[in-house]
Amino acid sequence: MPAMSPTMTEGGIASWKKKEGEAFSAGDVLLEIETDKATIDVEAQDEGVLAKIIAPDGTKNVSVGSPIAIIAEEGDDLSGAAQMASEAASQPAAKPPVKEETAPSPPASEASKPSEPKPQETKPELAKGDRIFASPVAKKIALERGIPLSQIKGTGPEGRIIRDDVEKYQPPVSSPAATMPASAPSADYIDIPVSNMRKVIGTRLTQSKQEVPHYYLTVEINMDKVLKLREVFNKTLGEKDKAAKLSVNDFVLKAVACALNDVPEANSAWLGEVVRQYKKADISVAVATPTGLITPIVKDVGSKGLASISAEAKGLAKKARDGKLVPQEYQGGTFTVSNLGMFEIDHFTAIINPPQSCILAVGTTKPTIVPAPEEERGFRTVNMMKVTLSSDHRVVDGAVGARWMVAFKGYLENPLTFML
């Protein structure tokens with residue numbers, strides 16, 4: 001399993017693009033790997049033959065460096081590939097007995113093996129929370145068939161449950177009632193396996209809320225001028241390219257970059273020993289995908305025009321939904337924008353994405369009645385948008401956050417200043 005990014009510790013096999021026994025050349029895509037952020041193509045560095053696949057399609061939680069296939073050269077005898085694959089697959093199981101003192105650590109799959117035989121013999125009484133050691137294929141088949149792994153005795157190395165154990169499993173004849181609870185709840189709910197991406201999202205957001213001292217600032221912004229300017233720009237752009245269309249979010253991104261230029265303290269990251277202040281606004285844009293939230297980055301937004309920002313943001317969002325982002329397109333970023341306005345959400349607060357110090361939550365734009373003493377009726381209707389800035393108090397003091405919000409509001413209420 002190759003490391004597709006510096007922080008990657010494990011990945012999943014989305015699909016193999018070559019079959020066993022099939023030859024390949026340098027540059028051919030061998031397989032797609034599912035990381036915590038995206039699905040990435042893995043290309044062959046040299047020519048050869050895919051002799052044997054160890055980790056099949058759908059295998060999850062494969063540690064970086066673990067064997068996933070046997071590669072041979074043209075003309076090699078492939079008859080021994082299956083035996084080599086079997087030996088390679090069992091190597092990780094025999095490797096980590098040293099980790100016995102740190103048994104809770106996930107990679108130490110054999111750390112608690114000495115105590116394995118006891119729960120194996122009394123499967124129905126397996127303590128809640130005890131680990132069950134099984135191969136990824138065995139886990140996948142058991143999940144698909146609704147077979148409880150806690151009731152299977154493993155025949156693999158040191159009691160590990162393997163594919164054959166699951167396929168040969170027969171429910172106890174003496175307790176037909178035991179199968180009833182397994183099927184009954186399925187009508188009321190389904191268990192969805194947690195993807196690598198969802199695990200990382202859960203871990204990082206929990207860590208952020210527990211460790212980062214958040215505070216929140218909210219302002220309402222008059223969007224009348226932005227909407228009028230957007231209408232004019234879209235009419236002009238439409239004459240050249242019917243697909244080109246500016247969104248409110250494009251104006252938001254540009255205003256964020258301009259405000260960060262005015263208040264650079266908000267464009268910073270907490271790195272423990274130092275606070276890193278960035279010179280460019282690389283803005284992460286939250287995008288919802290079928291597998292979870294991801295934040296592709298529009299680089300150096302301050303130097304780009306609205307049309308360029310719009311095209312780049314749309315392109316990155318499409319790649320994110322298709323799972324085709326490469327690491328450099330989502331790793332990094334200096335500030336994040338999360339916009340739920342398209343879902344008619346008035347107001348929400350967002351969780352900071354460390355080591356960044358700020359994230360802006362953008363709500364919908366809606367007609368609002370405001371006092372207008374100069375008018376005969378005493379009021380008028382304007383299009384208002386509510387935004388909330390979440391800041392890390394270790395880096396961005398309240399007064400700094402307030403200055404940034406004033407600058408941001410000023411740019412959106414006078415959008416022609418973008419052009420100055």
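**Exercise 1. Decide whether Glu344 is buried or exposed, and describe its backbone and its place in the chain.**

Solution. In this predicted model, Glu344 has a relative accessible area of 59%. The cut-off for exposed is over 50%, so Glu344 counts as exposed. Turning to the backbone, phi of Glu344 is near 65°, which is a positive value in a residue other than glycine. As for its place, Glu344 is found in the loop between strand 15 and strand 16.

**Exercise 2. State what is found at the peptide bond from Pro354 to Pro355, and locate Pro355.**

Solution. The bond from Pro354 to Pro355 is cis, with omega near 5°. Pro355 lies in the loop between strand 15 and strand 16, and Glu344 is also found in the loop between these strands.

**Exercise 3. Describe the phi angle of Asn61, its place and its accessibility.**

Solution. Asn61 is not a glycine, yet its phi is positive, at about 55°. The residue sits in the loop between strand 5 and strand 6 (62-63). With a relative accessible area of 35%, Asn61 is partly exposed.

**Exercise 4. Work out which parts of the chain are tied together by the salt bridge of Lys52 and Glu20, and then treat the pairs Glu167 with Arg163 and Glu329 with Lys319.**

Solution. The structure holds 14 salt bridges, among them the one in which the side chains of Lys52 and Glu20 meet at 3.8 Å, N to O. Because Lys52 lies in strand 5 (residues 48-53) and Glu20 in the loop between strand 1 (10-16) and strand 2 (23-24), this pair ties together parts that are 32 residues apart in sequence. Lys52 is partly exposed at 26% relative accessibility, and Glu20 is partly exposed at 42%.

The next step concerns Glu167 and Arg163, whose side chains meet in a salt bridge of 3.1 Å, N to O. These two residues are four residues apart in helix 4 (residues 163-167), and are thus separated by about one helical turn. Relative accessibility is 35% for Glu167, which counts as partly exposed, and 45% for Arg163, which also counts as partly exposed.

The last step takes Glu329 and Lys319, whose closest N and O atoms are 2.8 Å apart. Glu329 belongs to the loop between helix 9 (306-321) and strand 15 (335-339), whereas Lys319 belongs to helix 9, so the pair ties together parts that are ten residues apart in sequence. Here Glu329 counts as buried at 18% relative accessibility, while Lys319 is partly exposed at 30%.

**Exercise 5. Establish what surrounds the side chain of Lys254, given that Lys254 is buried yet has no salt bridge.**

Solution. Lys254 is placed in helix 8 (residues 248-262). The nearest side chain of opposite charge is that of Asp300, 8.3 Å away, whereas a salt bridge needs the atoms to be within 4 Å. A polar atom of the Lys254 side chain does, however, lie 2.8 Å from the backbone oxygen of Lys304. Leaving aside neighbours within four places in sequence, the contacts of Lys254 are Val301, Gly302, Lys304, Leu306, Ile309 and Phe418.

**Exercise 6. Characterise the second largest pocket by its space, its lining and the elements that supply the lining.**

Solution. The second largest pocket holds about 1000 Å³ of space. Its lining comprises 42 residues, and those nearest its centre are Val285, Ala286, Val287, Ala288 and Asn339. Several elements each supply at least two residues of this lining, including helix 6 (196-211), helix 8, strand 12 (287-289), strand 13 (292-294) and strand 16 (358-371).

Key: Residues are numbered from 1 along each chain as its sequence is written. This is a predicted model: local features need pLDDT of at least 70, side-chain atom pairs count only at pLDDT 80 or more; totals for chains, interfaces and linings use all residues. Side-chain values use heavy atoms; hydrogens and water are left out. Buried means under 20% relative accessible area, exposed over 50%, partly exposed in between (1.4 Å probe, protein chains only). Lys and Arg count as positive and Asp and Glu as negative; His and the chain ends are not counted. A polar contact is a pair of N or O atoms within 3.5 Å; within protein, one must be able to donate a hydrogen and the other to accept it, and residues adjacent in sequence count only if both atoms are side-chain atoms. Contact means heavy atoms within 4.5 Å. On a 1 Å grid over the protein atoms alone, a cavity is a set of points where a 1.4 Å probe fits but cannot get out, and a pocket is an open set with protein on both sides within 12 Å along at least five of seven lines; lining residues have an atom within 4 Å of a point. Grid points are joined across faces, edges and corners, and a volume is the space filled by probe spheres set on the points.
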